[in-house]
Amino acid sequence: MQHPIHPECSLEDIDYSILSKIADRIGRNWRSFVSVIQGYSVYDVEDFARGHYLDEAPAMRVLNDLISQRKTVRQLISYLDQIHQENALLLLKGPEMLRLIKSPEGGRFTEGTLMTLECTATGFPYPRYQWYHVFCTADDEKQFNKLSEGTERVLRIDPVKPEHSGLYYCHIYHFPVVGGREMSVDTELVNVRIAPSPENAVGEAPVILQHPRNVTAAKGKPFGLVCRASGKPEPKYVWYKRGHNNIKLRHSDKVEWSQATEEDAGFYSCHVLNRCGAVWSNEVEIKVVERSVDKEVAIKIVRQPVESGCILGEKHTMECMAVCKVPLFYQWYKDDEKLAGCSENKLTFDAIKSKDAGRYYCKIWNESGSHQQSNSASLFLKSSSCAASIPGEGHFANDKIALLIGNMGYHGTQVLSAGSHDIACLQRTLTNIGFKFLSLMDLKKKEMETAIDLFTDLITEKSYVVFFFSGHGFQHLHRTYMVPVDAKIGYNSGDCICVQDVHRKFQEKLPALNNINLDLCRIHNDNETGPPNTTVDNKPLGNSVIFFASNVGSEAMESVGRDGSRPRGIFTDHFLKRIVQKEPLAVILEQVKKDVGNDPQVTNLMYPELRSDLRSNLSYHDPIRNQSIEARKHAIEFWDPLYLSNSKTPFTVDYISFNMDWTWTFSNVIRVEIKHDGPFDLMPNLRAFPEFLHVSDQNDQMGGKEMPRRLVWHIQNVQRATTSIALHVSVWLNNRLHQRRILFPEFVLLERWNRYRQLPSSNGATNGSDQSSTISSSNSSSSSVGQLCLTMGTTSINDA
């Protein structure tokens, strides 16, 4: 671009080469150029046209005439601007800031009519327009669909359809000129709603009857996904793959692959829609493995390694036994390191040494490619004398309780992957050494506050209290903060829970041991602008241990998992190995610090910090004695019924037997398992009520056809229900939909949780739907906390 020419200059002062370029850029549009200049007649236009015969462009003859009329640059810019001669104007004027002068307005449009959205901007070079349609996927992520027809100031869609509902905005920009910078502006989002036309007003929005299921496909083998829905008119199906927002896989209720490849692996969902509405299916995962496992070569472990306490110098043997129809191979590992020469099903120690303490497991495989891994088992050292084997001899607890919180599914920051494994392992380990625990996953801020208040009320004087948190965190001055899953992008201390406040709450109940363990980062939070509450009133009582996975300014890290092992927190992994040892807690935690420091995965990266004012050699393994009346009351009213579970709830559909079991994965996550003896492709579907409860499908489509099918779901965050919980099981059989409704009893956690958020419990709920009322009345007559109620009425729907 040339340097801008002063608008008050006369045209005769412009260099001839510039005028020649302007004429060239006007080119064939010279008649439009003449039409916006007042004073020219038809005869004048014809006179300009004769310039072709005189080897002079008509546009140049017009410019020469304007020079003879002593026209200015400002006047020429005005003429060119009226016909949008951008290329010619680039020789005369500089860039101008983009300005939005009219924003689009949303509204309600009738199906089959013309929909228009309009916006206007000014600036130079001239604004370009690109319209976008914004919609949400099944996992509530916003997707931005670039509209190929939306490149003008006015977006026109004719005829408009129900799928055009949603949010729209326009991205306005212009191309940068030489030496300039690109400028752009976006309009605000506007909402567009599409109403059915009068002749098509009667109809039904889609309802998904069968969600797609997770699939594990063998490489090179065919597989597919199915989603079925009802609706009037017949719904349409559009399949999407996460990370490929604008790729529509197929418009059908089935999508099939003839051969599985690694590129097919990923997360998929189906968008089901008709003119009355739209709905998303559950998101499912497709895994592609090298080969399928033949039942003839499948491996079954029949004897797992057992946790052992050994005395120095004694002989000891660990054993892992598996069965298979073909020869098997074994390999032992210690702390994830391969043990050379240990390739039998038995691992023998001729004389136990200090270095033998650790976590052991065995991998088993055969030549056909099948493989299995045993459970992990810890080998720990105990002293030869009875007195030494009880480090806290003379120390007793009134009660031993633990609160375990694992936050993974964050909304405003990175999702974590190790929490579920770590909290599950802590549950088992603490149970084995006499603790009662409350384990909760993926808590929002208010839920963390409720959980801490609820747990604090269960603390009795002289009890042993353990708190463990796995998730994101940060340090601000002398305070450490735990981040809840609903923390917004750019969170600060106001969105989080302060560790020191939790410690103070526990101290007020005068426990004998107040132990807080935190697997979180303690780096500075750049979003923290103000000082925290600097009041520190946690008085030392000689009972506190706070153990951080990281020091101030450092991070806590996860292990991604090797050879098929699950991700785990590195700090928690070493913590679990040590707490099984019957040693004083101070000794154990100092050893964990050394273990983390010596771990090659995090050398010079993780620096655990231990703060302790313990005056006695207390241990996790100290027994409970002389339990108070208050502690026994908590056991009867809360701890004992907390994990009561049902045995089997059988039901039959068209001579096919089903059995449903349920148990607890965590204190707020229910594991539901359904087995049946029907056809291999018979796939029940599970829904939970209230509907906002998230049901996580844990199934895939591998297994033997000779064995009854086993399907598993997790119902997460049950504490969020303000009414009792019900399950709806539906199954397609002989082209008919059969349904069963299963009512859960009142859970002690839900009843107690409702007290703390000052909501009525489900038995007193009166503001729910008819369904909720039915559930409540059924549960009120239940005679046992662990009993389920099965509603046997069957609804059959013809397959449309």
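The exercises below, each with a worked solution, concern a predicted model.

**Exercise 1. The six-stranded sheet**

Determine the strand order of the open sheet of six strands, and state which strands lie at its edges.

Solution. Begin with the order, which reads β31-β30-β32-β36-β37-β40, and note that the pairing within this open sheet is mixed. Next, look for strands that pair on one side only: these are β31, covering 436–441, and β40, covering 609–612, and they are the edge strands. Finally, consider the twist: neighbouring strands of this sheet are turned by 10° against each other on average, when direction is ignored.

**Exercise 2. One pair of strands within the sheet**

Describe how β30 is joined to β32, and find the bridge partner of L403 in β32.

Solution. Strand β30 spans residues 400–406 and strand β32 spans residues 464–470; the two run parallel and are joined by seven bridges. As background, strands of a sheet pair through backbone hydrogen bonds, in either a parallel or an antiparallel manner. Turning to the single residue, L403 has F467 as its bridge partner in β32.

**Exercise 3. Helices across the sheet and against each other**

Work out which strands α11 and α12 lie across, and then classify the crossing of α8 and α11.

Solution. Helix α11, residues 570–579, lies across β32, β36 (513–519) and β37 (544–548), and its direction makes an angle of about 140° with β36. Helix α12, residues 585–598, lies across β36, β37 and β40, running at about 10° to β37. For the helix pair, the axes of α8 (residues 419–432) and α11 come within 11 Å and cross at roughly 10°. Because angles under 35 degrees count as roughly parallel, α8 is roughly parallel to α11. The residues that meet are D422, C425, L426, T429 and L430 in α8, and T572, F575, L576 and I579 in α11.

**Exercise 4. A serine in an edge strand**

Locate S439, decide whether S439 is buried or exposed, and identify its side-chain polar contact with Q427.

Solution. S439 is placed in strand β31, which is one of the edge strands of the sheet. Its relative accessible area is 0%, and since buried means under 20%, S439 is buried. The side chain of S439 is joined to that of Q427 by a polar contact of 2.3 Å.

**Exercise 5. Cysteines**

Establish how many disulfides the model contains, and examine C342 and C310.

Solution. Taking the criterion of two cysteine sulfur atoms within 2.5 Å, the count comes to zero disulfides. C342 illustrates this result: the nearest cysteine sulfur, that of C362, is 9.7 Å away, and C342 is in no disulfide. C310, at 1% relative accessibility, counts as buried.

**Exercise 6. Backbone exceptions**

Locate the cis peptide bonds before P159 and P233, and compare the settings of L510 and N626, which have positive phi.

Solution. The reference point is that most residues other than glycine have a negative phi, and most peptide bonds are trans. D158 and P159 are joined by a cis peptide bond with omega about -5°, and P159 lies in the loop between β7 (154–157) and β8 (166–174). K232 and P233 are likewise joined by a cis peptide bond, with omega about 0°, and P233 is found in the loop between β14 (228–232) and β15 (236–241). L510 has a phi near 55°, lies in the loop between α10 (499–507) and β36, and is partly exposed at 44% relative accessibility. N626 has a phi of about 50°, lies in the loop between β40 and α13 (629–642), and is exposed, with a relative accessible area of 75%.

Note on methods: Residues are numbered from 1 along each chain as its sequence is written. This is a predicted model: local features need pLDDT of at least 70, side-chain atom pairs count only at pLDDT 80 or more; totals for chains, interfaces and linings use all residues. Side-chain values use heavy atoms; hydrogens and water are left out. Buried means under 20% relative accessible area, exposed over 50%, partly exposed in between (1.4 Å probe, protein chains only). Two strands pair if DSSP finds at least two bridges between them. Helices (H or I, at least four residues) and strands (E, at least two) are DSSP runs, numbered from the N terminus. Axes are lines fitted to C-alpha atoms, for helices over the stretch in contact, and angles run from 0 to 180 degrees between N-to-C directions. Contact means heavy atoms within 4.5 Å. A polar contact is a pair of N or O atoms within 3.5 Å; within protein, one must be able to donate a hydrogen and the other to accept it, and residues adjacent in sequence count only if both atoms are side-chain atoms. Angles under 35 degrees count as roughly parallel, over 145 as roughly antiparallel, 65 to 115 as roughly perpendicular and the rest as oblique.
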